[in-house]
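Here are some exercises to work through with the model open beside you. Try each task before reading its solution.

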Amino acid sequence: MTLRDVAKELNISKTKVRDLLLKAGLELRPSSPTPEQVAQWRIRKTKAPPPFGYCYFQGELVKNPIEYDALMKIHRHWKLGMNANDITRYLNGKKIKPRKAKEWHNKAVKKIVARFESKKIIIKGEKL
């Protein structure tokens with residue numbers, strides 16, 4: 001039973017149950033996690049959202065049909081030498097929607113441009 005279950009059964013607070021169990025010398029939980037627990041936590045935390053312009057489909061990273069056109073426009077303008085501020089103004093002027101926000105922000109465009117510069121996104125070879 002959980003502490004909450006015991007507290008409901010005895011009609012006392014969960015904290016009171018915990019204090020009584022600790023006074024009785026019962027160890028409730030190990031002081032440090034086991035390596036297996038740490039590995040499980042890491043598995044759960046690796047499910048990051050895909051980069052802008054892509055999505056997961058059946059476990060594979062594929063082009064997002066809604067966002068990929070905007071990614072191509074950002075790439076094209078970046079290749080023409082425009083900076084992130086200019087690209088942001090262009091996208092907002094053309095009413096191109098970002099993934100979640102109402103309009104494009106400079107920081108989001110800078111992150112996408114940084115991925116182009118670091119070659120994490122390569123449009124020609126379709127690599128990511």
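**Exercise 1. A charged residue and its cover**

Does E67 count as buried or exposed, judged by relative accessibility?

Solution. Keep in mind throughout that this is a predicted model. Start with the cut-off: buried means under 20% relative accessible area. The relative accessibility of E67 is 8%, so E67 counts as buried. Next, look for a partner: the side chain of E67 meets that of R99 in a salt bridge, at 2.8 Å from N to O. Then place the two residues: E67 lies in the loop between β2 (60-63) and α4, and R99 in the loop between α5 (84-93) and α6, so the pair ties together parts that are 32 residues apart in sequence. Finally, check the cover of the partner: R99 has 33% relative accessibility and therefore counts as partly exposed.

**Exercise 2. The salt bridges**

Find how many salt bridges the whole structure holds, then describe the pair D69 and K73 and the pair D86 and R89.

Solution. First, the principle: side chains of opposite charge can pair when their charged atoms come close. A search of the whole structure gives 3 salt bridges. The E67 and R99 pair is one that you have already met.

Now turn to D69 and K73, whose side chains meet at 3.5 Å, N to O. Both belong to helix α4, and because they are 4 residues apart, about one helical turn separates them. D69 has a relative accessibility of 44%, so D69 counts as partly exposed.

Move on to D86 and R89, where the closest N and O atoms are 2.6 Å apart. This pair sits in helix α5, with a spacing of 3 residues, about one turn of the helix. For the cover, D86 is partly exposed at a relative accessible area of 28%, whereas R89 counts as exposed at 55% relative accessibility.

**Exercise 3. Two packed helices**

Work out how helix α4 and helix α6 are arranged where they pack.

Solution. Recall that two packed helices are described by the angle between their axes and the distance between the axes. Helix α4 spans residues 68-79 and helix α6 residues 106-117; they pack at about 65 degrees, their axes being 11 Å apart. The angle therefore makes α4 roughly perpendicular to α6. As for handedness, α4 and α6 cross in a right-handed way.

Stay with helix α6 for a moment, since it is also the place of K110. K110 has a relative accessible area of 48%, so K110 is partly exposed. Along the chain, K110 and T88 are 22 residues apart, while 9.1 Å separates their C-alpha atoms.

**Exercise 4. A nonpolar patch**

Which residues make the nonpolar surface patch of about 260 Å²?

Solution. The patch is made by L10, I12 and L20. Locate L10 in your view: L10 belongs to helix α1, which covers residues 3-10. Then check its cover: L10 is exposed, because its relative accessible area is 54% and the cut-off for exposed is over 50%.

**Exercise 5. The whole chain**

Give the count and order of the secondary structure elements, and the share of buried residues.

Solution. The protein chain has 6 helices and 2 strands. Reading from the N terminus, the order is α-α-α-β-β-α-α-α. For burial, 23% of the 128 residues count as buried, and E67 from the opening exercise counts as buried too.

Note on methods:
Residues numbered from 1 in each chain as written. Predicted model: local features only at pLDDT ≥ 70, side-chain atom pairs only at ≥ 80, totals over all residues. Heavy atoms only, no water. Patch = residues over 30% accessible without salt bridge, like charges linked within 9 Å, V, L, I, M, F, W, Y side chains within 5 Å. Areas by Shrake-Rupley, 256 points an atom, 1.4 Å probe, with all protein chains shown as cover. Salt bridge = Lys/Arg side-chain N within 4 Å of Asp/Glu carboxyl O. Buried < 20%, exposed > 50% of the residue type's maximum accessible area, 1.4 Å probe, protein only. Axes fitted to C-alpha atoms, helices over the stretch in contact; angles between N-to-C directions. Parallel < 35°, antiparallel > 145°, perpendicular 65-115°, else oblique. Left-handed = near helix turned anticlockwise from the far one by under 90°.
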